[in-house]
Amino acid sequence: MATLVIAEHDNEVLKDATAKTVTAASQLGAGVHILVAGENCGAVADAAAKLAGVEKVLLADDALYAKMVAETMEALILSLAGKYDAILAPATTNGKNTLPRVAAKLDVPQISEITKVIAPDTFERPIYAGNAIQTVQAGAGKKVISVRMTAFKAAEQTGSAAIEKVAAASDPGTSKFVGEELSKSERPELTSAKIVIAGGRGLQSAENFKLLEKIADKLHAAVGASRAAVDAGFVPNDYQVGQTGKVVAPDLYIAVGISGAIQHLAGMKDSKIIAAINKDEEAPIFQIADVGLVADLFKAIPEMEEELSKLGT
Amino acid sequence: MKVLVPVKRVIDYNVKVRVKADQTGVDLANVKMSMNPFDEIAVEEAVRLKEKGKVSEVIAVSIGPAQASETIRTALAMGADRGILVKTEGEVEPLAVAKILKAICDAEQPSLVIAGKQAIDDDANQTGQMLAALLGWPQATFAHRLELGEASAEVEREIDGGLQTLDVKLPAVLTTDLRLNEPRYASLPNIMKAKKKPIDEKTPADYGVDVTPRLKVLKVSEPPKRQGGVKVKTVAEFLAKLREAGAL
């Protein structure tokens, strides 16, 4: 039986998280189908059909799925689940929200945030904020799995799968979308950016985060933050990198004024190169940083901006 | 209106976790244990609702070993009214926890369950959602702000792109995110008072739930270690090193 992947998108763009989940799904060895549930999301289905390894795209285009509310998504996925041996979703807030409902209704345990497929029924996943790695084997029954995006490469766009429309499932009618406040930014998304520059408590104010934004614009980087900076109200919650925020693994992660609490490291320690700027030479972040600059960030950051301008990067 | 708050006993978040040499798990011997931080936020939110007069009773439930009664006592000292301890030994998977909680909800008929969004030991992030599904209730996960009404709740949620607001009909399940509130420290008089509050002791069998794990943990290992690299003093050296590494 095939594997079903739940697509992550915003009704316009198919997110990279989906392509990465397809890679994990392909490693289960069965055919891969993608479910695109949304409203006026035909373009997303077209993009999903191009992902290598995908045999079929199921398109549920209905106002019910415009915001992927968990109760409606649960009903839709359950209406399709009979044909699948495994159901995978990226560990985005949407995936985390919906998938356990599906697992509970199928009466199977969920395997959260896998980072490696060892065998079609055996997976690795981090526990204790990544301080330990658990190898876990699924029992009989369907497998319901969320996928940590940073651990898998995105599937190539070389496919041409057929798109099949599927009917909307019934609406439980218990939950209503009221509104949303989304951060608008011209910068790349935190979870898919090649370079991330993140600030911590050391930045001292929301105003000072602008210093990082200037560098981010020069490097075409995303801006992130530690929990301390978010809790202090310097930046919105969706900037948070860490165990309970976003997990990122860019080519370059620049930690500025971040001491390096375990919870923060859990969200960025798989970055290819880690650079840190901190005036405290003993800051734990230096224990894992490939390159560390021991300096006052308020001097170093403007200087860095100047240097980068000179080089035209 | 009753609120049910599940609380889990976990390794204290400040403790450096060590993997056992035989790779069967992490070392829990002589390690400080505390209430899961997200559950503390859940207890705090429930107690605040009671203080505002919106809620009549707060029930704290823990599923775990005998010592989990200490975790319930912490909730009682924060202001919960009574506790239910479902005694088990060994790991209990989120699905089994959700099934026990469902049975308790069937018996207690709360209007709201407030749970932590994830436990910092297994990092599963499943129990609240599973409970909502088993009960057929709506959910509002990763709650950032809660407005509780008579028949529904408006909840602002932390999502990948920012914040989303949902209106969920009661009864419902909520899971807490970090910014929902800042949990209080229990005062000494309240800690003393908590000792007199009742805790019911139950077993999974009382609820007809089989807690045998369905997943097989083959091993628990250390993550690959990262080594620190060079430390430099100037921005020029810093950028040069990054360029050398091919990062810029």
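Here are some short exercises, each with a worked solution, on a predicted model with chains A and B.

**Exercise 1. Two faces of a helix**

Task: Find which residues of helix 6 of chain B are buried, and work out why they lie on the same side of the helix.

Solution:
- Start with the helix itself, which covers residues 235-244 of chain B. Its buried residues are B:Val235, B:Phe238, B:Leu239 and B:Lys241.
- Next, look down the axis. These residues span an arc of only 160 degrees, so they sit on the same side of helix 6 of chain B.
- A general rule helps here: an α-helix has 3.6 residues a turn, so residues three or four places apart point the same way.
- Now turn to the other side of helix 6 of chain B, where B:Ala236, B:Arg243 and B:Glu244 are exposed.
- Then ask what the buried residues pack against. In chain A the partners are strand 16 (291-294) and helix 8 (297-311), and in chain B the partner is strand 13 (230-232).
- Finally, step just past helix 6 of chain B: B:Gly246 has a positive phi of about 80 degrees.

**Exercise 2. A sheet built from two chains**

Task: Work out the strand order of the open sheet of 6 strands, and say which strands form its edges.

Solution:
- Read across the sheet: the order is 13(A)-12(A)-14(A)-15(A)-16(A)-13(B), and the pairing is parallel.
- The edges are strand 13 (222-225) of chain A and strand 13 of chain B, since each pairs on one side only.
- On average, neighbouring strands of this sheet are turned by 20 degrees against each other, direction ignored.
- Zoom in on one pair. Strand 12 (residues 195-199) and strand 14 (residues 252-256) of chain A are joined in the parallel sense over 5 bridges, and A:Ile195 has A:Leu252 as its bridge partner.
- Add a helix: helix 5 (residues 209-219) of chain A packs on the sheet and touches strands 12, 13 and 14 of chain A. The direction of helix 5 makes about 175 degrees with that of strand 12 of chain A.

**Exercise 3. Where the chains meet**

Task: Find how many residues each chain gives to the contact, and which strands pair across it in the antiparallel sense.

Solution:
- Count by chain: 68 residues come from chain A and 66 residues from chain B.
- Sort the chain A side by type, and you get 30 nonpolar, 21 polar and 17 charged residues.
- Now trace the strands. Strand 8 (residues 132-137) of chain A pairs with strand 12 (residues 216-221) of chain B in the antiparallel sense, over 5 bridges.
- In this pair, A:Val136 is opposite B:Val217.

**Exercise 4. A hairpin in chain A**

Task: Describe how strand 6 and strand 7 of chain A are joined.

Solution:
- Strand 6 (residues 116-119) and strand 7 (residues 122-127) of chain A run antiparallel, with 3 bridges between them.
- The hairpin connection passes through 2 residues.
- Across the pair, A:Lys116 faces A:Glu124.

**Exercise 5. Backbone details in loops**

Task: Locate A:Asn40, A:His220 and B:Pro171, and describe the backbone at each.

Solution:
- A:Asn40 is in the loop between strand 2 (32-38) and helix 2 (42-49) of chain A. Its phi is near 50 degrees, a positive value in a residue other than glycine.
- A:Asn40 counts as exposed because it has 12 C-beta neighbours inside 10 Å.
- A:His220 lies in the loop between helix 5 and strand 13 of chain A, and its phi is near 55 degrees, again positive.
- A:His220 also has 12 C-beta neighbours inside 10 Å, so it counts as exposed.
- B:Pro171 belongs to the loop between strand 9 (162-169) and strand 10 (172-176) of chain B. The peptide bond from B:Leu170 to B:Pro171 is cis, with omega near 0 degrees.

Note on methods: Residues are numbered from 1 along each chain as its sequence is written. Chains are lettered from A and ligands numbered from 1 in the order in which they are written. This is a predicted model: local features need pLDDT of at least 70, side-chain atom pairs count only at pLDDT 80 or more; totals for chains, interfaces and linings use all residues. A residue is buried if 20 or more other C-beta atoms lie within 10 Å of its own, exposed if 12 or fewer, and partly exposed in between; C-beta atoms are placed from the backbone. Helices (H or I, at least four residues) and strands (E, at least two) are DSSP runs, numbered from the N terminus. The arc is that of the directions from the helix axis to the C-beta atoms. Two residues are in contact if their C-beta atoms, placed from the backbone, lie within 7 Å. Two strands pair if DSSP finds at least two bridges between them. Axes are lines fitted to C-alpha atoms, for helices over the stretch in contact, and angles run from 0 to 180 degrees between N-to-C directions. Ala, Val, Leu, Ile, Met, Phe, Trp, Tyr, Cys and Pro count as nonpolar, Asp, Glu, Lys and Arg as charged, and the others, Gly among them, as polar.
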